[in-house]
Amino acid sequence: MAADQKGDHERVPLTINGQAIDAKVGVTLVEAAWDARLPGITGVGCLEGVCGSCRVMLRRGKEITLGLACQTFVETGLEVIFLPPSSAPRHHYSISDFRDSWDIHARFHAIFPEASRCRHCHGCVTSCPKKIAVEDGVALAAAGRYREAGEVFLECVMCELCDGACPELIAPAHVGLFCRRVTAHFHLRPPNLVTRLEELRRKRLAGSKGESERE
Ligand code: SF4
Ligand code: SF4
Ligand code: FES
């Protein structure tokens, strides 16, 4: 029998949000929850591992890990809890207020004063479903190496599981986002994008001029 045919028929027991179900082998935890018509499965978006919204806690015997439900397949005996959305960000800033890069370091430490208090517990690293070197990224940011830190976080999907795991409330996901934002903010845009935006700006100007002449 082909593996996919077998998967269509074989079922294994597991629990999702405390409810015991038998799920098809080969389907993801999201599909299993939907197939079983479990209520309250709301944190689901892309089903492709890019929106970071299907956050789950997974228990295998004594081992507890975190993950994305759309990227995790059913397993015998797995205990799954869908986690609620993360709470509102605590670190506020407006990137448009950043006029030059001389005071970035002062701004960063004013916005993220906890970032230099990393206790190197690795909680953020072990919680990251994208296997990002989160701890290194935080250390680079705290040292003012924002471009390099931003590169560490390039694959980040902002699931914020690392934020929940951090005992120092550093919010590593938001540290990474800050680094990517300031890097983009202070870099020249790609020339083809600049040229295209200028073309569009001129067309819009010509269009609005034509309209006012017709009026
Ligand atoms: S760095 Fe944090 S927010 Fe980004 S994917 Fe990893 S756990 Fe999720
Ligand atoms: S979870 Fe927080 S304190 Fe622990 S290594 Fe990561 S950033 Fe540092
Ligand atoms: S639904 Fe988007 S990452 Fe799982």
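A residue here counts as partly exposed when the number of other C-beta atoms within 10 Å of its own falls between the buried mark of 20 or more and the exposed mark of 12 or fewer. Met158, with 17 other C-beta atoms within 10 Å, is therefore partly exposed. Keep in mind that this is a predicted model. What you're looking at is a protein chain with nine helices and five strands, divided into domain 1 (3-82) and domain 2 (95-185). There are ligands too: 17 residues surround ligand 1, and 16 surround ligand 2.

**The chain as a whole**

- Starting at the N terminus, the elements come in the order α-β-β-α-β-β-β-α-α-α-α-α-α-α.
- The radius of gyration is 23 Å, well over the 17 Å that the globule rule gives for 215 residues, so the chain is more spread out than a compact globule.
- Measured out along the principal axes, the C-alpha atoms fill a box of roughly 70 × 55 × 30 Å.
- Just 27% of the 215 residues count as buried.
- If you take the contacts with a separation of 6 or more, 56% of them are between residues 24 or more positions apart.

**Two domains and where they touch**

- The C-alpha centres of domain 1 and domain 2 sit 30 Å apart.
- Where the two meet, nine residues of domain 1 are in contact with six residues of domain 2.
- On the domain 1 side, strand S4 (residues 63-68) gives the most, with three residues.
- That side of domain 1 has four nonpolar, four polar and one charged residues.

**Strand S5 and its partners**

- Strand S5 (residues 79-82) has a covered face made of Val80 and Phe82, while Glu79 and Ile81 are on the uncovered one.
- Behind that pattern is a simple rule: in a regular strand the side chains alternate between the two faces of the sheet.
- Strand S1 (residues 11-16) runs parallel to S5 and is joined to it by two bridges.
- Strand S3 (residues 55-60) runs antiparallel to S5, and four bridges join them.
- Glu79 of S5 has Thr15 standing opposite, and Arg59 stands opposite Glu79 as well.

**Around ligand 1**

- The closest residues to ligand 1 are Cys128, Cys156, Cys159, Cys162 and Ala173.
- Helix H7 (161-165) and helix H8 (172-185) each supply at least two residues of this shell.
- H8 has the largest share, with three residues.
- Sorted by class, the shell has twelve nonpolar, three polar and two charged residues.

**Around ligand 2**

- Cys118, Cys121, Gly123, Cys124 and Cys166 come nearest to ligand 2.
- Helices H4 and H5 each put at least two residues into this shell.
- Three residues come from H5, which is the largest share.
- The shell divides into ten nonpolar, three polar and three charged residues.

**Helix H5**

- Helix H5 (residues 134-142) is mostly covered, with seven of its nine residues buried.
- Those buried residues are Val134, Glu135, Gly137, Val138, Leu140, Ala141 and Ala142.
- They pack against helix H3 (104-111), helix H4 (123-127), helix H6 (146-152), H7 and H8.
- Right after H5, Gly144 takes a positive phi of about 85°.

**Loop residues worth a look**

- Met158 is found in the loop between H6 and H7, and has a positive phi of about 55° although it is not a glycine.
- Asn17 lies in the loop between S1 and strand S2 (19-24).
- The phi of Asn17 is near 50°, again a positive value in a residue other than glycine.
- Asn17 has 15 C-beta neighbours inside 10 Å, so it counts as partly exposed.
- Leu169 has its place in the loop between H7 and H8.
- With 11 C-beta neighbours inside 10 Å, Leu169 counts as exposed.
- Leu169 and Arg90 are 79 residues apart along the chain, and their C-alpha atoms are separated by 9.6 Å.

Conventions: Residues are numbered from 1 along each chain as its sequence is written. Chains are lettered from A and ligands numbered from 1 in the order in which they are written. This is a predicted model: local features need pLDDT of at least 70, side-chain atom pairs count only at pLDDT 80 or more; totals for chains, interfaces and linings use all residues. A residue is near a molecule or strand if its C-beta atom, placed from the backbone, lies within 6 Å of it. Ala, Val, Leu, Ile, Met, Phe, Trp, Tyr, Cys and Pro count as nonpolar, Asp, Glu, Lys and Arg as charged, and the others, Gly among them, as polar. Two residues are in contact if their C-beta atoms, placed from the backbone, lie within 7 Å. The radius of gyration is taken over C-alpha atoms; the globule rule is 2.2 Å times the number of residues to the power 0.38. Domain bounds come from an automatic or database domain assignment. Two strands pair if DSSP finds at least two bridges between them.
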